[in-house]
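Please open the model in a viewer and keep the sequence panel visible. The tour below proceeds by selection, with a short account of what is found at each stop.

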Amino acid sequence: MGVEHYLVLSAMLFVVGAYGVIVRKNLIIVLMCLELMLNSANLAFVAFARALGDMTGHVFMIMSITVAAAEVAVGLALLVSIYSHRESLDIDLLKLLKG
């Protein structure tokens with residue numbers, strides 16, 4: 001398999017994740033779609049690293065995984081707090097940041 005196959009798979013995963021972020025209304029599913037988008041970027045980083053024989057892609061992948069872990073920790077804490085106050089995770093019902 002060439003790097004093209006991995007990049008096509010990465011692009012497809014990114015599109016599915018972006019579609020989920022745009023269309024879905026549940027915050028948990030939106031977070032899962034964000035994770036899918038980050039993992040598609042990780043796949044592209046590793047594919048380029050392997051194709052070029054360079055370790056830079058692996059370093060970016062580790063940084064991306066770190067950001068994803070922090071995003072999940074903060075995101076889930078916010079979700080628990082929002083759910084305990086509103087008892088819903090529907091994006092349309094949440095107008096907390098509206099002035």
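Begin by selecting Val-59, which is partly exposed, with a relative accessible area of 47%; in this tour, buried means under 20% relative accessible area, exposed means over 50%, and partly exposed lies in between (1.4 Å probe, protein chains only). Val-59 is found in helix α3, where helices are DSSP runs of H or I with at least four residues, strands are runs of E with at least two, and both are numbered from the N terminus.

The model is a predicted one, in which local features need pLDDT of at least 70, side-chain atom pairs count only at pLDDT 80 or more, and totals for chains, interfaces and linings use all residues. Residues are numbered from 1 along each chain as its sequence is written, and side-chain values use heavy atoms, with hydrogens and water left out.

**The nonpolar patch**

Add Phe-45, Phe-60 and Met-63 to the selection: with Val-59 they make a nonpolar surface patch of about 360 Å². Such patches consist of residues with over 30% relative accessible area and no salt bridge, with nonpolar side chains (Val, Leu, Ile, Met, Phe, Trp, Tyr) joined within 5 Å and like charges within 9 Å. A salt bridge is a side-chain nitrogen of Lys or Arg within 4 Å of a carboxyl oxygen of Asp or Glu. The areas come from the Shrake-Rupley method with a 1.4 Å probe, and for residues only the protein chains shown count as cover. Which helix gives the most to the nonpolar patch? It is α3, with 3 residues.

**Along α3**

Now select residues 56-86, the whole of α3. Its 31 residues should span 45 Å at 1.5 Å a residue, and the end C-alpha atoms are 44 Å apart, which agrees; the expected span is 1.5 Å times one less than the number of residues. Colour the buried residues of α3, among them Gly-57, Met-61, Ala-68 and Gly-75. What covers them includes α2.

Ser-64 in α3 is buried, with a relative accessible area of 11%. Leaving aside residues up to four places away in sequence, Ser-64 touches Leu-38 and Asn-42, a contact being heavy atoms within 4.5 Å. Ile-65, also found in α3, is partly exposed at 44% relative accessible area. The C-alpha atoms of Ile-65 and Glu-35 are separated by 9.4 Å, although these positions lie 30 residues apart along the chain count.

Move next to Glu-87, in the segment after α3. Glu-87 is exposed, with a relative accessible area of 64%, and takes a positive phi of about 55°. Most residues other than glycine have a negative phi.

**The helix α2**

Select residues 27-52 for α2. This helix has 26 residues and reaches 38 Å from its first C-alpha to its last, close to the 38 Å expected. Its buried residues include Leu-27, Cys-33, Glu-35, Asn-42 and Ala-49. The buried residues of α2 pack against α1 and α3.

**The helix α1**

Finish with residues 3-23, helix α1, whose 21 residues reach 30 Å between the first and last C-alpha. Which residues of α1 are buried? They are Ser-10, Gly-17 and Gly-20. Seen down the axis of α1, these fall within an arc of 90°, so they line one face of the helix; the arc is that of the directions from the helix axis to the C-beta atoms. They pack against α2. Turn the view to the face away from the buried side, which carries the exposed residues Glu-4, Val-15, Tyr-19 and Ile-22.
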